[in-house]
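Here's a walk through this one, starting with a sheet and working outwards. Have the viewer open and follow along.

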Amino acid sequence: MSRPPAAKPARGEPGQRRNIGAVRSSFAPWNDPNATPLVRFEGVTKRFGDHAAVNDVSLDIYPGEFFALLGPSGCGKTTLMRMLAGFETLDAGRITLAGQDLAGAPPHKRPVNMMFQSYALFPHLTVEQNIAFGLKQEGMPKKDIAARVAEMLALVKLEPFAKRRPDQLSGGQKQRVALARAVARKPRMLLLDEPLGALDKKLREETQFELMDLQVELGVTFLIVTHDQEEAMVMADRIAVMRDGRIVQIGRPEEVYEAPNSRYVAEFLGDVNLFETTVEAIEHPMAHLNLAEAEAGFYVLDDDCPQPGATVWLAVRPEKMRISLDPPAPGARNVLAGEIWDIGYTGDWTNYIVELPGGKLVRVARANARRFVARPIDWDDKVWVSFDPDAGVVLTS
Ligand SMILES: Nc1ncnc2c1ncn2[C@@H]1O[C@H](COP(=O)(O)OP(=O)(O)OP(=O)(O)O)[C@@H](O)[C@H]1O
Ligand SMILES: [Mg+2]
């Protein structure tokens, strides 16, 4: 006798979830010359004293896009967002929304809403009063406010908490109130500054999916700031990586991860092994790179590889490296011999750190696809690390 199927999770229809993925992978208005951006930053600069917190940033964000700004603390993410929301003036450049220059428009006149890094809930107001606040301010009739607040409470699943004050809520619940308050006015664009920063890992992951659902449900354009690269990769259609007030790369998560344009971006998103080397020869489609640690050097795809003699860095992600106790076949390329220096076991993955004869450390990540292996790799084992010619990216800066 077969058992009835298990209840489906409450979050959305299963069919709908599959659709989201299908829609998202074909969503690429930035490649369409006829698409009009919703927001356009053109040469935007903001200085505090001598320091340019945002330095000549040009960026287009498209209607319905989920766009993430990523970068280390102090690189200008919040400042960029505050200029769009109208809390900060520009020193140069302009920002347009649906073709209209936003200069001079006060924050409450802009069709954007910002959820702050600290949530900034009003401590003396209840959950429903917090959500109603902006609606009252813009003069919405009372009964419409009540209906909108009820809709928002349902959206973030906080109906039972309507009468509580923020200090009677958990961190995750506060975060939902802030979110409901930010979307209550149905802005065209929602700016979220570290919206999940205060949540623990589990709740953070759940909330990431809820935010993505919410975005599809509301049809709002999202600009999100995070310092968590994994979070940006999970949620965003595109990511901009910032450094010292400038945008250094924009692309889909997989583009930025698999084809970083610099060591900075490669190192900022995930782990990477960087080998400083020189180009020995171009033997199209391969480039031959010199490397003291690898007897035969490295052979990689010559995409964007400069001419022989140039100094380059080969970037190879740990999960694209193989590790073995057995020596490679004679003549094998892209092989490094070393000794296990450290092992980190995380359950699903094992991370090996291998010391090469010159002292350089190489990281190799291996998925634990089997529960048991005959002879596990152990500390101080002599091992061989190798990778395919297309596993690495040649970087020039
Ligand atoms: N009102 C201000 N007056 C002076 N300097 C400021 C002001 N606001 C921001 N800055 C400076 O501008 C730079 C960018 O700040 P911003 O808050 O945009 O960084 P961020 O990328 O959001 O960092 P975090 O990840 O820490 O939030 C920092 O060097 C910061 O000290
Ligand atoms: Mg910030």
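## Starting at a strand pair

L289 sits across from F298 of strand 13. That pairing belongs to the contact between strand 12 and strand 13, which run antiparallel and share 4 bridges. Before going further, keep in mind that this is a predicted model.

## The sheet around it

Zoom out a little and strands 12 and 13 turn out to be part of an open sheet of 5 strands, ordered 13-12-11-14-20, with antiparallel pairing. Strand 13 (298-301) and strand 20 (392-395) are the edges, each pairing on one side only. From one strand to the next, the twist averages 45 degrees. As a general reminder, the strands of a sheet pair through backbone hydrogen bonds, in either a parallel or an antiparallel sense.

Strand 11 has a neighbour on each side in that order. With strand 12 (residues 286-289), strand 11 pairs in the antiparallel sense over 4 bridges, and A281 has H288 of strand 12 as its bridge partner. With strand 14 (residues 311-316), strand 11 (residues 273-283) is also antiparallel, this time through 6 bridges. There, T278 stands opposite T311 of strand 14.

## A hairpin with a cis bond

How many residues does the hairpin use to get from strand 11 to strand 12? The link takes 2 residues. P285 is found in this loop between strand 11 and strand 12, and the peptide bond leading from H284 into P285 is cis, with omega near 5 degrees. For context, most peptide bonds are trans.

## Two positive phi values in loops

Most residues other than glycine have a negative phi, so a couple of loop residues deserve a look. D304 has a phi near 55 degrees, a positive value in a residue other than glycine. D304 lies in the loop between strand 13 and strand 14. N334 isn't a glycine either, yet its phi is positive at about 55 degrees. The loop that holds N334 runs between strand 15 (322-324) and strand 16 (335-345).

Buried or exposed: where does D304 fall? D304 counts as exposed because its relative accessibility is 71%, and the cut-off for exposed is over 50%. N334 has a relative accessible area of 2%, so N334 is buried, the limit for buried being under 20%.

## Helix 6 and the loop before it

Now over to helix 6 (201-218), and the loop between it and strand 7 (189-193), where E194 is found. E194 is buried, because its relative accessibility is just 7%. The side chain of E194 makes a polar contact of 2.9 Å with the side chain of H227.

Helix 6 itself has 18 residues and spans 25 Å from first C-alpha to last, close to the 26 Å expected at 1.5 Å a residue. Its buried residues include R204, T207, Q208 and E210. Further along helix 6, L211, M212, D213, L214 and Q215 are buried too. Right after helix 6 comes G219, with a positive phi near 65 degrees.

## How the helices pack

Helix 5 (residues 171-183) packs on helix 6 at an angle of about 15 degrees, with the axes 12 Å apart. Helix 5 and helix 6 are therefore roughly parallel to each other. The crossing of helix 5 past helix 6 is right-handed.

Helix 3 (residues 127-137) and helix 4 (residues 142-155) meet at an angle of about 125 degrees, their axes 10 Å apart. That angle is why helix 3 is oblique to helix 4. Helix 3 passes helix 4 in a right-handed crossing.

## An exposed glycine

One more loop to visit: G99 is found between strand 4 (92-97) and strand 5 (100-101). Its relative accessibility is 63%, so G99 counts as exposed. G99 and K77 are 22 residues apart in sequence, and their C-alpha atoms are 23 Å apart in space.

## The whole chain

Stepping right back, the chain has 9 helices and 20 strands. Its C-alpha atoms fill a box of roughly 80 × 65 × 40 Å along the principal axes. Of the 397 residues, 46% count as buried.

Conventions: Residues are numbered from 1 along each chain as its sequence is written. Chains are lettered from A and ligands numbered from 1 in the order in which they are written. This is a predicted model: local features need pLDDT of at least 70, side-chain atom pairs count only at pLDDT 80 or more; totals for chains, interfaces and linings use all residues. Side-chain values use heavy atoms; hydrogens and water are left out. Buried means under 20% relative accessible area, exposed over 50%, partly exposed in between (1.4 Å probe, protein chains only). A polar contact is a pair of N or O atoms within 3.5 Å; within protein, one must be able to donate a hydrogen and the other to accept it, and residues adjacent in sequence count only if both atoms are side-chain atoms. The expected span of a helix is 1.5 Å times one less than its number of residues. Two strands pair if DSSP finds at least two bridges between them. Axes are lines fitted to C-alpha atoms, for helices over the stretch in contact, and angles run from 0 to 180 degrees between N-to-C directions. Angles under 35 degrees count as roughly parallel, over 145 as roughly antiparallel, 65 to 115 as roughly perpendicular and the rest as oblique. A crossing is left-handed if the near helix is turned anticlockwise from the far one by less than a right angle, and right-handed if clockwise.
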